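Let's take a walk through this structure together, one part at a time. Keep the picture open while you read.

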Protein chains: 2
Amino acid sequence: MNIEGIKNIITEGGLKFTHQRMVIYQAIAEAENHPTAERVFEQVKSDNPSISLGTVYKTLDSFVTAGIIQKFVDNKGVMRFDGVLEAHSHLYCKKTNEISDYKNADLESLLKKFFDKNQIEDFEIDEISIVIKGQKL
Amino acid sequence: MNIEGIKNIITEGGLKFTHQRMVIYQAIAEAENHPTAERVFEQVKSDNPSISLGTVYKTLDSFVTAGIIQKFVDNKGVMRFDGVLEAHSHLYCKKTNEISDYKNADLESLLKKFFDKNQIEDFEIDEISIVIKGQKL
DNA sequence: TCTCTAATGAGAATGATTCTTAGGGGGAAA
DNA sequence: TTTCCCCCTAAGAATCATTCTCATTAGAGA
C-alpha cells in the first residue's frame with residue numbers, strides 16, 4: 001500500500017497522521033503472520049531507529065480503538081495484531097505456535113444462520129471468534 | 001464431589017494424590033465461573049493456609065497436562081481454568097468481562113459435519129474453540 | 001519403618017504491558 | 001509568520017501474571 005493510502009486509513013480512523021503511525025500501520029498491513037507488539041517494534045526500528053516500544057503499544061492500541069486493525073490474545077497470553085478486518089477464523093498449530101488465517105464464507109454463513117435461529121437467552125452477539133487448534137502436517 | 005471421587009480423578013490422571021491437589025481440584029470442580037490461578041489460590045487458602053501460589057500454578061498445569069481440566073487465555077491475557085471437559089463454547093461479555101459456558105449439541109455437530117466435509121489443507125484439527133463475544137442484556 | 005523421588009513453599013526472576021513524566025511538533029487562530 | 005495549546009512521543013520505571021530456583025517435606029512402595 002502507498003503512503004497516501006495509509007494516510008487515509010489513519011486519518012479516517014480519526015487519528016492524527018504521524019511518521020510513527022505510518023510505519024507501524026505499514027508493518028501490520030504487510031505482515032503475513034499475526035505479529036506481536038515486540039515483533040512490530042523490531043520491524044519498525046529499521047525505518048525509525050529512535051522509536052520506543054511504548055509508542056508501538058500505544059499506537060497499536062489507538063488503531064484497535066479506531067477500528068482500523070484487530071487484536072486478539074494468543075494461547076500464551078501475548079497480544080497479536082491483525083490488519084485483516086473481515087470475519088475470519090484462526091488456525092493455531094500446537095507444534096510451532098504459529099497462527100494463520102482461515103477464511104471460509106460457507107462457515108461464516110453457516111454460523112450466521114445458526115445463531116439467527118438459535119438466539120442465546122439474554123445475550124446479544126457482537127462477534128464470533130473461532131480458533132481451530134491442531135497441527136500442520 | 002466426595003474425596004474418593006476426586007482422588008480417583010487425580011490418580012487416574014497419573015498424578016500422586018496430595019492434600020494440595022485435592023483442594024485445588026475441588027475448587028475448580030465447584031467453581032461456577034472460570035477462575036484464574038489467583039482466584040483458585042484465594043479460594044484454597046482457607047482450607048490450606050500455607051499453600052503457595054507457585055504450587056497452585058504448577059498443580060493447575062499438571063491437571064491440564066493430565067487432561068483432567070482445561071485451560072484457556074481470556075481477552076486480557078490471563079489464564080482461566082475450567083473443570084468441564086466436554087466440548088462447549090464460551091460467552092464473553094464485553095461489559096462485565098464475565099465468561100460463561102454455552103453448550104449446544106446442535107452447534108457441535110454442525111461444526112463437526114462442516115469440518116468433516118471441508119478438510120483444511122495440510123492441517124489436522126484437534127479441537128475447535130469458539131468464543132461468542134457480545135453483551136448480557 | 002525406611003528410602004527415594006516427586007511435590008511443596010517461599011521468594012526471586014522474568015516477560016509482556018502499562019504508566020509517568022518531560023520534552024517536542026503540528027495545526028489553528030491572529 | 002508567530003504564538004499557543006494539545007496531542008504525540010521517548011525513555012524508563014512500575015505493575016502484574018507467570019515461571020523458576022532451591023531447600024525442605026511428604027507420599028508410595030520396598
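A quick word before we start: the domain bounds used here come from an automatic or database domain assignment. Also keep in mind that this is a predicted model.

**Two domains in chain A**

For chain A, that assignment gives domain 1, covering 3–82, and domain 2, covering 89–134. Taken over C-alpha atoms, the centres of domain 1 and domain 2 of chain A are 24 Å apart. Where they touch, domain 1 of chain A brings 6 residues and domain 2 of chain A brings 4 residues. On the domain 1 side of that contact in chain A, you'll find 1 nonpolar, 3 polar and 2 charged residues.

**A pair of helices in chain B**

Now hop over to chain B and look at helix H3 (residues 37–45) and helix H4 (residues 53–66). Their axes are 9 Å apart, and the two helices of chain B pack at an angle of about 115 degrees. The crossing of H3(B) and H4(B) is right-handed. Who meets whom? From H3(B) come B:Ala37, B:Val40, B:Phe41 and B:Val44, and from H4(B) come B:Leu53, B:Val56, B:Tyr57 and B:Leu60. Sorted by class, this contact has 8 nonpolar residues, with no polar and no charged ones.

**Where the chains meet**

How many residues does the contact take from chain A and from chain B? The count is 29 residues from chain A and 29 residues from chain B. On the chain A side, helix H5 (105–117) and strand S5 (123–136) are the elements that give two or more residues. S5(A) gives the most, with 14 residues. S5(A) also pairs with strand S5 (residues 123–136) of chain B, in the antiparallel sense and over 13 bridges. For one spot to look up, find A:Phe123, which stands opposite B:Lys136 in S5(B).

**Around the DNA**

There are 22 residues around DNA strand C, and A:Met79, B:Gln20, B:Ser52, B:Gly54 and B:Thr55 come nearest. The surface near DNA strand C takes at least two residues from each of these: helix H3 (37–45) and helix H4 (53–66) of chain A, plus helix H2 (19–30) and H4 of chain B.

Here is how three of the surfaces split by class:

| Surface | Nonpolar | Polar | Charged |
|---|---|---|---|
| Side of domain 1 of chain A that touches domain 2 of chain A | 1 residue | 3 residues | 2 residues |
| Side of chain A that touches chain B | 15 residues | 7 residues | 7 residues |
| Surface near DNA strand C | 7 residues | 10 residues | 5 residues |

Notes:
Residues numbered from 1 in each chain as written. Chains lettered and ligands numbered in written order. Predicted model: local features only at pLDDT ≥ 70, side-chain atom pairs only at ≥ 80, totals over all residues. Contact = placed C-beta atoms within 7 Å. Nonpolar A, V, L, I, M, F, W, Y, C, P; charged D, E, K, R; others polar. Axes fitted to C-alpha atoms, helices over the stretch in contact; angles between N-to-C directions. Helix = DSSP H or I, 4+ residues; strand = E, 2+ residues; numbered from the N terminus. Left-handed = near helix turned anticlockwise from the far one by under 90°. Pairing = 2+ DSSP bridges. Near = placed C-beta within 6 Å.
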